[in-house]
Amino acid sequence: MVVELRVLGDVEAWIGDRRVEVGHTRQRCVFAVLVVEANRVVTVDQLLERVWPRDLPLRGRQVLRNYLSRLRQLLSPEGIGIERRPNGYVLLADPEAVDLHRFRHLIARAREESDEHALGLFDQASALWRGEPFAGLETPWLAAVRTSLERERNAARLDRVDVALRCGRHTEVLPQLFALAEQHALDEHVAGQLMLALYLAGRTSDALAQYRQLRDRLVEQLGTDPGTALQQLHQRILDTDPALTPSAATISGAVEAKANVPAPRQLPAPRRLFTGRTTELSRLDEVLTARGAGAMVISAIGGAGGIGKTWLALQWAHCHAEEFPDGQLFVDLRGFSPDSAPMDPSSAVRGFLQALGVPPDRMPVDLHAQAALFRGLVADKRVLIVLDNAADTAQVAYLLPGSPTCKVLVTSRTLLSGLVTGHGANYLRLDALDDIEARALLTARLGAARVGAEPAAVDELVRRCGGFPLALGIVAGRAHTAPDLSLSVLAGELRDVGLFALDDEEPTASLSTILSWSCGGLTTKQDTAFALLGVVPGPDFGLPTAAALLDVPTPRARVVLRALEHASLVDRDARGRYRMHDLIRRYAADRAEGLPEADRVAALRRVVELLASTACAADGVLTSGNRVLPAGVDGPAGEPHALRDRTEALAWFEAEHATLAAVQQAAAARGWHGPVWQVAWSLVTFHAWRGLRQDRLGFWEVAFDAVRRSADRRALTLVRRFLGRACADVGRHDDAVAHLHGALASSDDDVDRGHTHHALAQVWEMRGDDRQALRHAAEGLRLYRTVDDPVQEAYALNAVGWYCTRLGDHENGRAHCEEALALHRAHGDRDGEATTLDSLALTAHRSGDHARAADLYRQALVVYRDLGDVFEEANAHQGVARPLAALGRRDEARAAWHKALEMFTAQRRDDDVEEVRRELAALDDADSPGCQR
């Protein structure tokens with residue numbers, strides 16, 4: 001088996017066609033040092049200095065020994081020996097197996113051989129370079145070696161150019177020389193080579209111009225003239241010295257395409273029965289037609305593995321192939337292949353050159369020269385170039401033409417931001433198919449009859465595949481190959497087995513394998529972060545949540561998420577929130593199973609505590625701190641994310657509401673009853689302001705189920721009180737009374753009992769018994785006064801006043817409410833102020849003072865709107881309409897009722913909608929011509 005040790009690019013060990021993983025960054029540094037010094041002993045001190053030049057770890061020698069031991073365990077079975085010697089370590093390997101030593105050997109041979117044989121040796125040496133030496137590794141010693149190697153490579157490159165010029169291959173090397181002259185503007189050797197190549201190509205004036213430009217730069221920057229050798233070359237060009245021209249026997253000629261080569265047609269067949277993606281296809285069409293004639297069009301299609309990028313690219317390419325009569329070029333760059341490294345750009349461009357008719361013996365070796373020749377061959381031609389599965393922008397850059405007549409289509413799982421910013425590419429993000437497109441895909445593959453025969457199973461398949469084309473394709477393929485298999489069986493497999501049901505022995509037909517390739521380019525920390533994100537409850541998450549999950553500062557979390565976003569494993573929406581496709585989330589969760597359970601539980605606990613504590617803090621912002629937990633009841637343990645004002649707090653609740661529901665369920669499943677009820681408690685105000693009565697009931701039912709299993713009596717009392725109130729809001733009055741009396745029976749705290757009587761008053765009001773309601777309200781007021789709680793006393797005063805008014809005792813009602821209003825204003829409780837203004841408005845309206853009633857309702861309306869309490873704002877619109885109608889101001893009343901109707905409809909308050917419609921109908925009847933006023 002052939003062994004290869006590589007450092008001219010990524011540091012790698014290969015056994016045949018299999019790559020051996022040599023460990024994390026520091027361990028790879030140790031390996032790199034040993035490979036560079038192959039067959040030479042490296043002392044322990046040298047290894048430590050070269051790998052840890054400054055921050056030597058604690059017990060550094062032991063750490064080094066551990067790394068060497070691991071490397072031996074990895075490499076010894078493969079026949080690569082690392083031996084301990086008296087003064088250090090040595091890696092034993094055939095020098096030909098080490099790319100660095102083979103490079104040096106080939107260059108030394110090339111410099112000794114005849115020109116005819118030297119070119120091939122130079123080319124073999126150049127082909128060993130796969131990128132920057134020791135890519136991704138940074139130590140001062142490696143940096144110094146890297147610099148030295150770059151000098152060796154540049155010297156070899158120049159030697160190869162000298163040989164090529166002697167052989168008459170001046171046209172081949174011209175593009176390379178132009179690039180070198182730009183990079184080394186004062187290098188006289190490069191300048192001389194370029195001058196000679198131009199002269200041999202018949203461009204004498206350009207050769208002389210190059211000399212003048214260099215001379216001017218030398219004089220201006222260094223105060224000197226060109227050296228003797230360059231001056232002599234300049235004079236020989238002026239004299240047209242025949243000795244400069246190679247003999248006819250050695251001239252191999254410029255690299256030119258073969259004559260009569262047919263236009264390449266390299267596009268693979270498109271996806272059979274392609275469906276959907278009409279919007280994306282239209283966007284690609286628009287980009288092609290919208291750009292001006294002077295701009296080359298590059299479209300980059302990005303998205304997760306298996307999302308259908310290649311299918312879309314090929315579908316569009318075949319639809320437009322006739323618009324590119326000079327050819328269509330295609331290459332799979334293997335950016336995320338499981339069994340090989342990404343394709344070297346040199347290999348890709350050589351493939352294109354060959355397709356364009358360039359003979360192998362006329363093909364440049366240097367990548368820059370290859371790219372320049374490629375650009376020249378497609379210049380002014382109408383060629384479509386499809387670059388599939390690109391790893392990054394650097395891999396693509398050499399394959400871009402320079403002509404506006406060409407069109408480039410690139411697909412990649414990475415963001416390719418460099419292609420967008422540096423080359424003006426148009427980025428098209430590919431998301432999952434919608435349900436209609438997903439169903440169409442299954443129908444196209446299986447037939448309408450089979451799909452129509454099992455609609456429920458198809459619905460489940462579509463839902464569980466989540467619009468992922470590869471997942472749908474796998475399901476459709478299995479169903480197609482087993483025509484007697486029920487689709488409900490396939491749906492059941494997805495339901496029971498999850499992502500593993502989409503695995504297959506063929507890697508390209510296995511979703512989990514495809515997704516694993518996307519993780520191949522992640523660092524160890526990024527891979528761990530990706531796995532942990534599968535633990536996050538809820539449909540999406542914010543940056544603070546990610547930071548808590550990963551236990552890192554927010555800036556570091558942002559960096560990690562950006563890497564996952566670039567790899568198309570995480571998406572970010574317009575609000576800046578992150579989400580994962582359901583199948584990718586499931587894959588991440590499966591990977592998380594490989595992490596220690598303690599790490600997973602700790603990460604989830606940090607998320608739960610952060611969101612619970614932030615939710616409670618956000619509620620405090622909404623209520624100006626007037627809602628506090630009862631004495632003896634513990635609040636959340638986490639450190640909350642800071643929210644500055646009500647606007648931020650409301651926005652936070654809007655964004656996190658679904659996630660909070662999932663977090664509550666996750667905490668309940670773990671038996672963490674504290675965060676379960678704390679989340680429900682924190683949402684009381686938000687649910688009230690948004691009119692989310694069913695949601696509120698759901699949160700409190702989960703809380704009750706969790707807390708009643710604990711020994712936390714005070715928490716149980718609190719939960720039963722709020723659950724009772726939530727039951728009442730949805731019409732479950734018997735359940736409400738039972739829970740509230742249970743709360744009274746278990747409480748020995750007067751404030752807490754006052755809250756429960758206040759809730760009972762509201763329940764009895766809903767049941768239509770205002771006298772019972774007044775009795776509970778009065779008892780609540782008595783309890784609040786015994787504990788000197790002025791804010792709660794104000795709420796109780798308002799409740800008493802409200803029920804007095806409803807019972808016809810307007811004077812008593814007004815007196816209690818005015819006392820309540822004074823207390824609320826004195827303590828800055830705007831919510832209580834608005835509630836009491838509403839009560840006073842009712843009192844005024846029922847007393848016949850409609851003008852004052854309308855004014856008070858409008859005052860309450862302003863406060864509700866400022867608070868963001870859309871539920872009570874809708875009630876206030878309905879309230880103000882009634883006194884306006886009584887005053888005969890029907891147009892104003894109608895406008896207020898219509899606004900209430902709009903808000904009730906948005907909040908799905910069906911009973912309130914019907915009531916407003918009745919009131920509007922009565923108003924319309926009163927306005928009809930035949931009505932007696």
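Axes here are lines fitted to C-alpha atoms, for helices over the stretch in contact, and the angles between them run from 0 to 180 degrees between N-to-C directions. Keep that in mind as we walk through this predicted model, starting with a pair of helices.

Two packed helices are described by the angle between their axes and the distance between the axes. Take helix H38 (residues 830–846) and helix H39 (residues 850–867): their axes sit 8 Å apart, at an angle of about 160 degrees. Angles over 145 degrees count as roughly antiparallel, which is why H38 is roughly antiparallel to H39. As for handedness, H38 passes H39 in a left-handed crossing. If you want to find the contact, look on the H38 side for residues including Leu837, Leu840, Ala841 and Ala844, and on the H39 side for residues including Leu856, Tyr857, Ala860 and Val863. Charged residues take part too, among them Arg830 and Asp831 in H38 and Arg852 and Asp866 in H39. Sorted by type, the residues of this contact come out as 13 nonpolar, four polar and five charged.

Now step back along the chain to another helix pair. Helix H28 (residues 646–670) and helix H29 (residues 673–682) have axes that come within 9 Å of each other and cross at roughly 155 degrees. That angle makes H28 roughly antiparallel to H29, and the crossing is left-handed. H28 brings Phe653, Leu660, Gln664, Ala667 and Ala668 to the contact, while H29 offers Pro675, Val676, Val679, Ala680 and Ser682. What is the mix of nonpolar, polar and charged residues in the contact of H28 with H29? There are eight nonpolar residues, two polar and no charged.

On to the strands. Strands of a sheet pair through backbone hydrogen bonds, either parallel or antiparallel. Close to the start of the numbering, strand S1 (residues 3–6) runs antiparallel to strand S2 (residues 12–15), with four bridges joining them. One of the partnerships to look for is Glu4 with Trp14 in S2. Five residues lie between the two strands of this hairpin, and Gly9 takes a positive phi near 140 degrees.

A little further along, three strands make an open sheet with antiparallel pairing, in the order S4-S6-S5. Strands S4 (42–43) and S5 (81–85) are the edges, each pairing on one side only. S5 is joined to strand S6 (residues 88–92) over five bridges, and Arg85 has Gly88 of S6 as its bridge partner. Helix H1 (residues 25–36) lies across S4, S5 and S6, and runs at about 70 degrees to S6.

The next sheet is an open one too, this time with five strands and parallel pairing, in the order S8-S9-S10-S7-S11. Which strands are at its edges? They are S8 (328–332) and S11 (426–429), each of which pairs on one side only. From one strand to the next, the twist averages 15 degrees. Five bridges join S8 to strand S9 (residues 384–390), and there you can spot Asp332 with its bridge partner Asp388 in S9.

Finally, look at the side chains. The model has 57 salt bridges. One of them links Arg579 to Asp540, with the closest N and O atoms 3.2 Å apart. Arg579 lies in strand S13 (residues 578–579) and Asp540 in the loop between helix H23 (524–533) and helix H24 (543–550), so this pair ties together parts that are 39 residues apart in sequence.

Terms used:
Residues numbered from 1 in each chain as written. Predicted model: local features only at pLDDT ≥ 70, side-chain atom pairs only at ≥ 80, totals over all residues. Heavy atoms only, no water. Pairing = 2+ DSSP bridges. Parallel < 35°, antiparallel > 145°, perpendicular 65-115°, else oblique. Left-handed = near helix turned anticlockwise from the far one by under 90°. Contact = heavy atoms within 4.5 Å. Salt bridge = Lys/Arg side-chain N within 4 Å of Asp/Glu carboxyl O.
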